[in-house]
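Subject: Structure handover and pocket notes

Dear colleague,

Please find the structure below, followed by my notes on its pockets. I would be glad if you could read them alongside the coordinates.

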Amino acid sequence: MPKSNTKSGHIYIDYAASASPNPSSIHTEGVFAKRTLEDARRIVASLLAAHPDEIIFTSGATESNNLAIQGVINYLTPTLSLTRRGRREKWILPHIITTNIEHPSVLETCRMLEERKLTEVTIVPVERSGIIDPEKIKKAIKKNTVLVSVMYANNEIGTIQPIREIAKVIRHYKKSKSGKDTLPLLHVDAVQAANYLDLNVERLGVDLLSLTGSKVEGAGRIGVLYKKRNVTLAPLFGGGDQERGLRPGTENVLGVAEFANACALARTNFEREAKRLTELRDYFLEKLQKVSRGVLDITINGNLKERLPNNLNITFGKIPSDLIVLELSARGVMASSKSACKSSSSEGSYVLKAINPDFDPEVGGVRFSFGRDTKKTDIDYTISTLQKIVAKHKKWYT
Ligand code: PLP
């Protein structure tokens, strides 16, 4: 045997296929890579109670959300748009329903399709609680509705949306039509829910579901789109036949494997971890309310009960949230005052605005989001630090 340049003892001279083995190559290293990819696909599928062929790996949830939304529209547009009405041909645009607190990868994609006159979009507002009323989704459904896209849990205020009830509303609508209709489809951005909530796609009643590795500890930079078997999408990109032609391009085998393992680990103890974080969050809130009493009015943004166990979003009287975040950061505590995707926007949080018409963008809210390494002592330090910050700035903001 010649001297090898791989861990498995082979000589790798297929760098044109990929610098690390390409799962599409027929040689042994390629077969290993393919097996790793398919094992990861099986793990992810089992976490969602789905079939492996319903899992599409992407570069992240922005791409998964785009593939779900644009994939449906691009596939259906030629069949839906030209309908003969009497002697005149009439263009009927496909219609999407979404909410006003979705991630920009959903909202901006819908807006872009609407601007290009490819889609009609209805944005249903959430209630003051930060939760959507399924009845409002029901009222928004029209003959040409092809897709309802609602996030599972919000990234800023952590509120959990009633996905099963929304699925039920859609099911009833389809039954009332002919019982055979497959439209509208339900797409769920489950990015923030991945660590803590039920992801069984059958129980949830979803057709499309997006996930990302960037929110699961230890996971690689990777995205997932679950696509039910009977749903057809058009790919976003032209290219090879990877991911059954729905996501061309050389696969990120390492990222996919890391994602599958990290998800499996997170899901093994997710109920225990959710309970621990809920207790920690309640402890944080109790302490904060105690030290603020008679000092400053604090507001919890969004419903507290129907909320991710690791999230709190708080407005501290009239003290700007950016100021609090910077003061916390100077003392070693990293929280945030706006979503990372909109950090350059000066308009303040559109999510906080959606739940409160009197929202002051200068003030905003501070998001505290806890994770695997958060301990009670971290909470104690954060509270005492917040106390100092409030004492220092309160007089300027009354
Ligand atoms: N959807 C939600 C709810 C998110 O919070 C994020 C990222 O923060 C995304 C989508 C986009 O994910 P990615 O960064 O993997 O594209």
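The notes below cover how the model was treated and then the two pockets in turn.

This is a predicted model, in which local features need pLDDT of at least 70 and side-chain atom pairs count only at pLDDT 80 or more, while totals for chains, interfaces and linings use all residues. Residues are numbered from 1 along each chain as its sequence is written, and side-chain values use heavy atoms, with hydrogens and water left out.

The largest pocket (on a 1 Å grid over the protein atoms alone, an open set of points where a 1.4 Å probe fits, with protein on both sides within 12 Å along at least five of seven lines) has a volume of about 940 Å³, a volume being the space filled by probe spheres set on grid points that are joined across faces, edges and corners. Of its 35 lining residues, meaning those with an atom within 4 Å of a point, Gln192, Asn195, Ser214, Lys215 and Val216 are the closest to the centre. Domain 1 (28-268) and domain 2 (270-393) each contribute at least three residues to this lining, with bounds from an automatic or database domain assignment.

The second largest pocket holds about 450 Å³ of space and is lined by 24 residues, with Lys174, Thr182, Leu185, Asp207 and Asn230 nearest its centre. The largest share of that lining, five residues, comes from α5, which spans 163-177 (helices are DSSP runs of H or I, at least four residues, numbered from the N terminus).

Best regards

Notes
Helices (H or I, at least four residues) and strands (E, at least two) are DSSP runs, numbered from the N terminus.
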